[in-house]
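Hi,

Here's the structure I promised to pass on. Have a look at it first, and then read on for what turned up.

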Amino acid sequence: MLGICRGRRKFLAASLTVLFVPAITWIYLFAGSFEDGKPVSLSPLESQPHSPRYTVSSQRERESLEVRMREVEEENRVLRKQLSLAQSRSPSHHRGNHSKTYSMEEGTGDSESLRAGIVAGNSSECGQQPAVEKCETIHVAIVCAGYNASRDVVTLVKSVLFHRRNPLHFHLIADAIAKQILATLFQTWMVPAVHIDFYDADELKSEVSWIPNKHYSGIYGLMKLVLTKTLPSNLERVIVLDTDITFATDIAELWAVFHKFKGQQVLGLVENQSDWYLGNLWKNHRPWPALGRGYNTGVILLLLDKLRKMKWEQMWRLTAERELMSMLSTSLADQDIFNAVIKQNPFLVYQLPCFWNVQLSDHTRSEQCYRDVSDLKVIHWNSPKKLRVKNKHVEFFRNLYLTFLEYDGNLLRRELFGCPSEADVNSENLQKQLSELDEDDLCYEFRRERFTVHRTHLYFLHYEYEPASDNTDVTLVAQLSMDRLQMLEAICKHWEGPISLALYLSDAEAQQFLRYAQGSEVLMSRHNVGYHIVYKEGQFYPVNLLRNVAMKHISTPYMFLSDIDFLPMYGLYEYLRKSVIQLDLANTKKALIVPAFETLRYRLSFPKSKAELLSMLDMGTLFTFRYHVWTKGHAPTNFAKWRTATTPYRVEWEADFEPYVVVRKDCPEYDRRFVGFGWNKVAHIMELDAQEYEFTVLPNAYMIHMPHAPSFDITKFRSNKQYRICLKTLKEEFQQDMSRHYGFAALKYLTAENNS
């Protein structure tokens, strides 16, 4: 706001100067032309040497006045030109994605003058940033590959969304992993006025794979070189960002810099702030050629249309081929090649002020880019050390980064005032579904939760899975919240197979989980565990949504539907794989039941065999699960028969049956209407029965529930009468839906419920 006021003051001052200076000048000149109260003509025709009033001194005075008048008129002409330029930059239609800006300042791109301008710009109280037209779309390109980079992109995008006032179009050059993660994330984030396009990074590998690269970014660190070829041909300009960037201002300010490009300037870059390209970091250090200190490519403004006309592809390829003959490989990926091209063609670059890329790697001159926090625009964590980098202000930078890291992304789902969003089918369907609900219904909040779209970040940590050759692999599926993290290490010790977990966390809790996992040797040694973050929203725990997310993202043909509070018996993973073959699960609709037990002791000597478990049952150390509070839930398992069983046996469905089962991955999802506590598993088992699944109990399998404090949802169920009423209503509606869907065979569920 202050910048706007200062800009207006400049404009007003210029206007007043144009209006009043000529008037004052002419008054002065007119007054000076009187001698003894009589006018003195300034006309050379009337002022002849023979005139008795003519003197040498008066002639000189008149000439000096005329010179001064011409100088003032020239000054006025310049002021009027500047004023007209400012007015001409008011909103007008531009073709394509050209910036429409309001600015009275022009950049030259000249290195020396720009450096002086940077200092003046950072210290000036009246520095004015050009603005972009209100609803103009800003295009941003990011290369992203892998699990870790996908996490970094989210933080970058949060910082951009937090400050932005314009529609955004992200062009993501992503590998298959990043595309899966980010496509799901943006689809469930549902941020207005944000458009996403993906480009297959793997298809671009052949374009740059011939370039040896020592940088930790690998082959993906070279892909910014081919953006002119990759991005749409009608896209004229784009801001290119590294994933380790944090914005501290509106990205529109950077977009507006495009209008300062002149002549053949097509690249907007900040000078490199380390001594790397000076070649004096160590003995025999030989960097790629660069202009002076070189330029950093963490932030690039690309004029794509002009680059294409200049045959950029041919330009950088020829330069790279020539330099690789002596350099053999790149050390800083695309940055080396960009700098080599600029060295040969310095006219291509417009040097950005260094606050557009404050580079926080060790031994940089980044501290010279700012005098105050308000000077900061973009922070670049361009060191492998990232947040552990050395800088005297690193604590401030780290806190700024952590602010966006833990910022609630749901708050960024705000509409842009005055900018109509493009019609989104998912948003329209969601609004239609919500509009059909009765807000006066006492169970409205329960019904609404069924349609809530929760932002979802798949594979929050690195994941690797090698498919089993015999096609019998089984994934353990579970869901949890922050208060159950302590179960993860124990489960990983008990189950060596793949695991798919959905975690219900806030943004801040997700970072706590990340630190917890990275600090655990057990969790870090396991790469076959998929952690999927479902971000908190609403007042209920969406237990069945979480289960569905975990189920949907398994890589095996079979899954073990468990809960996080259970520890499977040692060796259960291999036992289930053998049972899958033995019971021909691939060709039959079976649900293999793993009998559930529980202990009330926080410290338990876990039974290593069925015989040891039976002994603990007899001693009262273990119990059949929930026998004392919810007998019906597991009674059909027939524990008395299980004690002596040596072969699998079939059991029939009964009301309220909710065993833990192994099924094929194509089994039906859980019903999302059930949230919090109550009937979430019961409804799923009922649907399996309706689809004619055969329930088979495994004789040598077991799992044990570990004690924990009551969940918030079960407390609400027990204390809130309306909660119980709504759950009963949802049960009845579910049973009616079952009857409509499965016909006469589903009537038994209504009968069984009435008799129970």
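Let's start with a single pairing: Leu-567 has Ile-704 of β27 as its bridge partner. Before you read too much into any of this, keep in mind that the model is predicted. Strand β27 covers residues 703-705, and 3 bridges tie it to β20 in an antiparallel arrangement. Both strands belong to an open sheet of 4 strands, ordered β20-β27-β22-β23, where the pairing is mixed. At the edges sit β20 (566-568) and β23 (623-624), each of which pairs on one side only. As a reminder, strands in a sheet pair through backbone hydrogen bonds, and they can do so parallel or antiparallel.

Next stop, strand β8. How many of the residues in β8 (residues 237-241) are buried? The count is 5 of 5, so the strand is mostly covered by the definition of buried as under 20% relative accessible area. Side chains in a regular strand alternate between the two faces of the sheet. In β8, Arg-237, Ile-239 and Leu-241 point one way, while Val-238 and Val-240 point the other way, and all of them are buried.

β8 also has partners to look at. Strand β5 (residues 138-144) pairs with β8 in the parallel sense, over 3 bridges, and within that pairing Val-140 is matched with Ile-239 of β8. Strand β11 (residues 295-303) runs antiparallel to β8, and 5 bridges join the two. Ile-239 turns up again there, with Leu-301 of β11 as its bridge partner.

Then there's Thr-246, which lies in strand β9 (residues 245-247). Is Thr-246 buried or exposed? Its relative accessibility is 1%, and because the cut-off for buried is under 20%, Thr-246 counts as buried. Leaving aside residues up to four places away in sequence, Thr-246 touches Ser-159, Lys-377, Val-378, Ile-379, Trp-381, Tyr-401 and Phe-404.

Last, a pair of helices. Helix α4 (residues 147-163) packs with helix α5 (residues 176-189) at an angle of about 35 degrees, and their axes are 9 Å apart. The crossing of these two helices is right-handed. On the α4 side, the contact is made by Tyr-147, Ser-150, Val-153, Val-154, Val-157, Lys-158 and Leu-161. On the α5 side, Ile-177, Ala-178, Ile-181, Leu-182, Leu-185, Phe-186 and Trp-189 contribute. Sorted by type, the residues of this α4 and α5 contact come out as 12 nonpolar, 1 polar and 1 charged.

Cheers

Terms used. Residues are numbered from 1 along each chain as its sequence is written. This is a predicted model: local features need pLDDT of at least 70, side-chain atom pairs count only at pLDDT 80 or more; totals for chains, interfaces and linings use all residues. Side-chain values use heavy atoms; hydrogens and water are left out. Buried means under 20% relative accessible area, exposed over 50%, partly exposed in between (1.4 Å probe, protein chains only). Contact means heavy atoms within 4.5 Å. Axes are lines fitted to C-alpha atoms, for helices over the stretch in contact, and angles run from 0 to 180 degrees between N-to-C directions. A crossing is left-handed if the near helix is turned anticlockwise from the far one by less than a right angle, and right-handed if clockwise. Ala, Val, Leu, Ile, Met, Phe, Trp, Tyr, Cys and Pro count as nonpolar, Asp, Glu, Lys and Arg as charged, and the others, Gly among them, as polar. Two strands pair if DSSP finds at least two bridges between them.
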